[in-house]
Number of protein chains: 2
Amino acid sequence: MKAVIKAVPKGTVTSPQGFFAGAVSAGINKRAAGKLDLAVLFSETPCAAAGVFTTSKLKGAPVVLTQQRLEHGRAGAVVVNSGCSNSFTGEHGLVDAAEVAALVAEGIGIAQEGVLVASTGVIGVPLPMKRIRPAVEQIIMSRDGGHDLARAMMTTDTLPKETAVSVKIGDSGYTIGGVAKGSGMIHPDMATLLCFLTTDAAVEEGFLKGALRKAVDLSFNMISVDGDTSPSDTVLLLANGMAGGEPITAGSEQADAFKQALEQVCVYLAKLIAADGEGATRLIEVVINGAASKLEARKAARAVVSSALVKSAVHGADPNWGRVVAAVGRSGADMDEYKIDLYLGDIQVIRAGRQVKSQKREINKLLNGKEINLKVNLNLGEGSATAWGCDLSQEYVAINSEYMT
Amino acid sequence: MKAVIKAVPKGTVTSPQGFFAGAVSAGINKRAAGKLDLAVLFSETPCAAAGVFTTSKLKGAPVVLTQQRLEHGRAGAVVVNSGCSNSFTGEHGLVDAAEVAALVAEGIGIAQEGVLVASTGVIGVPLPMKRIRPAVEQIIMSRDGGHDLARAMMTTDTLPKETAVSVKIGDSGYTIGGVAKGSGMIHPDMATLLCFLTTDAAVEEGFLKGALRKAVDLSFNMISVDGDTSPSDTVLLLANGMAGGEPITAGSEQADAFKQALEQVCVYLAKLIAADGEGATRLIEVVINGAASKLEARKAARAVVSSALVKSAVHGADPNWGRVVAAVGRSGADMDEYKIDLYLGDIQVIRAGRQVKSQKREINKLLNGKEINLKVNLNLGEGSATAWGCDLSQEYVAINSEYMT
């Protein structure tokens, strides 16, 4: 039986059954008075849980703690704050992260080992525990609290990022929901990105881990805003099984539908993040086809969306195709300049390495749109990949030159 | 006998004996009417010659031609143009590059295989041969033509980049000169960078090649403006031996002095390029000490000068030390956050992973200077490296969003 995957109207991380969330303004970043900045997500039944984390050698205290707690593949709640990443904060940072988790565990009545922690914000500054302790007690949890949680995670994000899909298979079905934040420091290898995914499907822990890794590789690891990677990157997936049925495993009939639905949620959130890059005015989607291998396609796609010159050209609606080809060239992927094709949307602008006589008006119209689609065919093999990024604007620099002061 | 290395006042690429240069305005880029854009450098006697080139898979026609011609390690002249990189121009680009070389060879009376070619400018547009052919004939060569050549190479550079040093060893001696261009697209692996180096020292070809590779690794491969790499990067070194004496070889007494003087010229030009990055207002120098290995020190130094977040913070004189540590963390170099020290100039701002109580006024003064010196000690081993970059300003984006249109 084929599965039907549908978007859930106003879907969020608490759309799947049994998930609750709530948020408060703890005043963590004094300059953002009144902003929601501390939130809790929890499931009324224990969950199978998996995570993917930053590859940086500098890992924030919440990442260290959460990685430890996920070793057993189980969790019941997540506490998240914005305004302070609690990274590069030494042993004290670990103590603080554990205390926040303990306060939440006490509040909802589960073991503290079941509470995962994530933080985002400035690096190298301790959590203001005096303001956080009383704030935890103020959090009110509800079934539609996912929307508030999405807002509480935001830093320089201009919009909350949330979604959910329902998966129907015959009479049964389940839901997958998610929230994410990320705006600057977004780069291949998943940079200052927090994402929490939930499902009421019953999923076996080993399969859950593999499915999450794969979905992250195709989504969050294929976006770039500014080439920087953060110590705090965290993607978590909690499955509470409340939709019933046998647990989905690697071999089961429902495995593919689950992977596909999860990937769809992750790609949706990843594109929202790329489009909301600091100072961004356009989303860039780059599809590489015909690479010698999948790995080379990924390299090439990420090089194009990461190129400051491509990003600046897109910002200025400048048809500088040479910069796209140069980015592919420096990516390390095999290429032959006499074979390369390039399309802007449906218009071919380069054929076998030569510029095609241009439909200037059409090209100009596409370049001035909100979404720029670049498709490269290297005509060398079967490798394909897609990556997303945003343009580089003067606004990016303005935001990032005054973040701290 | 110890060598004495001294800067030559108003030194340039034609400071060494026997080198001549000249430039004209050929009108290659129509928007830069009257700008010098085509130049020739030649030596009155044949030279040992070596080159280092872009690592991009997309190589401009001049790079392909020049690499071929350098296989024998000999050359007599270089022709360079700005305004058009003659890259991604297919077979036609190779024909054009060879024709320009042939015209120059005819003009100065040497074999065309002895003429090397370099081009910089827009990618994917053919050389305007109709304007170049008559212009070649107009070039007048002189002993102080290096200054004009330095100007003819410029694209978005705001200043010509040239220097020379004299090396005295007892009664004998020689001179090394150099010119360079580069502004955007400057990144580790030597991006849109052209540099021509000359010397009247007699140097054995094999040693010349190795010395150039090493000097480039310590200079041009340690600068970053925007993380992009160009198809045109070329560093050439010509040695005509007119200062006399036995050829310097890997084993000879004078080998170290030559390597040191060459490195000094390259580092000087590399720093000029970093400081003149598109839209740059400050030079950033990053020294990494105490890395587990030299390779890791290089990685870490390059990650810091390449970080858009560090570059933006420096632009805004923002004391956001966490971004420096985060850049080291994501570089792949081993680090222990409890061991890291960080200095701004002579002021220690992080000791063993903790922020030092800050001398705010002093720090503010240093952050507002023209040159920002960051020194990181990882306290793990003996690996050291230095890299240079520049801040990221709104101006960078303005320049690069309107380059083509």
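**Figure 1. Contacts across the sequence in chain A of this predicted model.** Let's start with who touches whom. Among the contacts in chain A with a separation of 6 or more, 80% link residues that are 24 or more positions apart. Chain A holds 11 helices and 16 strands. Along the principal axes, its C-alpha atoms fill a box of roughly 65 × 60 × 35 Å. How does the radius of gyration of chain A fit with what a compact globule would have? For 405 residues the expected figure is near 22 Å, and chain A has 22 Å, so the two agree. Of those 405 residues, 59% count as buried.

**Figure 2. The open sheet of chain A.** Here you can follow seven strands in the order 9-16-11-15-12-13-14, with mixed pairing. Strand 9 (223-224) and strand 14 (354-355) of chain A are the edge strands, and each pairs on one side only. Inside this order, strand 11 (residues 283-291) and strand 16 (residues 383-390) of chain A run antiparallel and are joined by seven bridges. To find your place in this pair, look for A:I284 of chain A, which stands opposite A:G389 in strand 16.

**Figure 3. The open sheet of chain B and its edges.** In chain B, too, you will find an open sheet of seven strands, in the order 9-16-11-15-12-13-14 and with mixed pairing. Why is one side of strand 9 (223-224) and of strand 14 (354-355) of chain B left without a neighbour in the sheet? Both stand at the edges with a single partner strand each, so nothing in the sheet flanks their other side. For strand 9 of chain B, a parallel partner is strand 16 (residues 383-390) of chain B, joined to it by two bridges. A handy landmark is B:S224, whose bridge partner in strand 16 of chain B is B:G389.

**Figure 4. Two helices packed on the sheet of chain B.** Staying with strands 9 and 16 of chain B, we now add the helices. Helix 6 (residues 255-275) of chain B packs on the sheet and touches strand 9, strand 11 (283-291) and strand 16 of chain B. The direction of helix 6 makes about 45° with that of strand 16 of chain B. Helix 7 (residues 294-306) of chain B also packs on the sheet, touching strand 9, strand 11, strand 15 (371-377) and strand 16 of chain B. For helix 7, the angle with the direction of strand 16 of chain B is about 20°.

**Figure 5. Helix 2 and helix 3 of chain B side by side.** The axes of helix 2 (residues 90-108) and helix 3 (residues 129-138) of chain B come within 9 Å and cross at roughly 15°. That angle makes the two helices of chain B roughly parallel. The crossing of helix 2 and helix 3 of chain B is right-handed. From helix 2 of chain B, the residues making the contact include B:V100, B:L103 and B:V104; from helix 3 of chain B, they include B:I132, B:R133 and B:V136.

**Figure 6. Strand 7 of chain B and its partners.** Eight of the 10 residues of strand 7 (residues 172-181) of chain B are buried, so this strand is largely enclosed by the rest of the structure. Nine bridges join strand 7 to the antiparallel strand 6 (residues 161-169) of chain B, with B:E162 opposite B:V179. Two residues lie between the strands of this hairpin, where B:G170 takes a positive phi near 60°. Strand 7 also pairs in the antiparallel sense with strand 8 (residues 194-199) of chain B over six bridges, and there B:K181 stands opposite B:L194.

Technical notes
Residues are numbered from 1 along each chain as its sequence is written. Chains are lettered from A and ligands numbered from 1 in the order in which they are written. This is a predicted model: local features need pLDDT of at least 70, side-chain atom pairs count only at pLDDT 80 or more; totals for chains, interfaces and linings use all residues. Two strands pair if DSSP finds at least two bridges between them. Helices (H or I, at least four residues) and strands (E, at least two) are DSSP runs, numbered from the N terminus. Two residues are in contact if their C-beta atoms, placed from the backbone, lie within 7 Å. Axes are lines fitted to C-alpha atoms, for helices over the stretch in contact, and angles run from 0 to 180 degrees between N-to-C directions. The radius of gyration is taken over C-alpha atoms; the globule rule is 2.2 Å times the number of residues to the power 0.38. A residue is buried if 20 or more other C-beta atoms lie within 10 Å of its own, exposed if 12 or fewer, and partly exposed in between; C-beta atoms are placed from the backbone. Angles under 35 degrees count as roughly parallel, over 145 as roughly antiparallel, 65 to 115 as roughly perpendicular and the rest as oblique. A crossing is left-handed if the near helix is turned anticlockwise from the far one by less than a right angle, and right-handed if clockwise.
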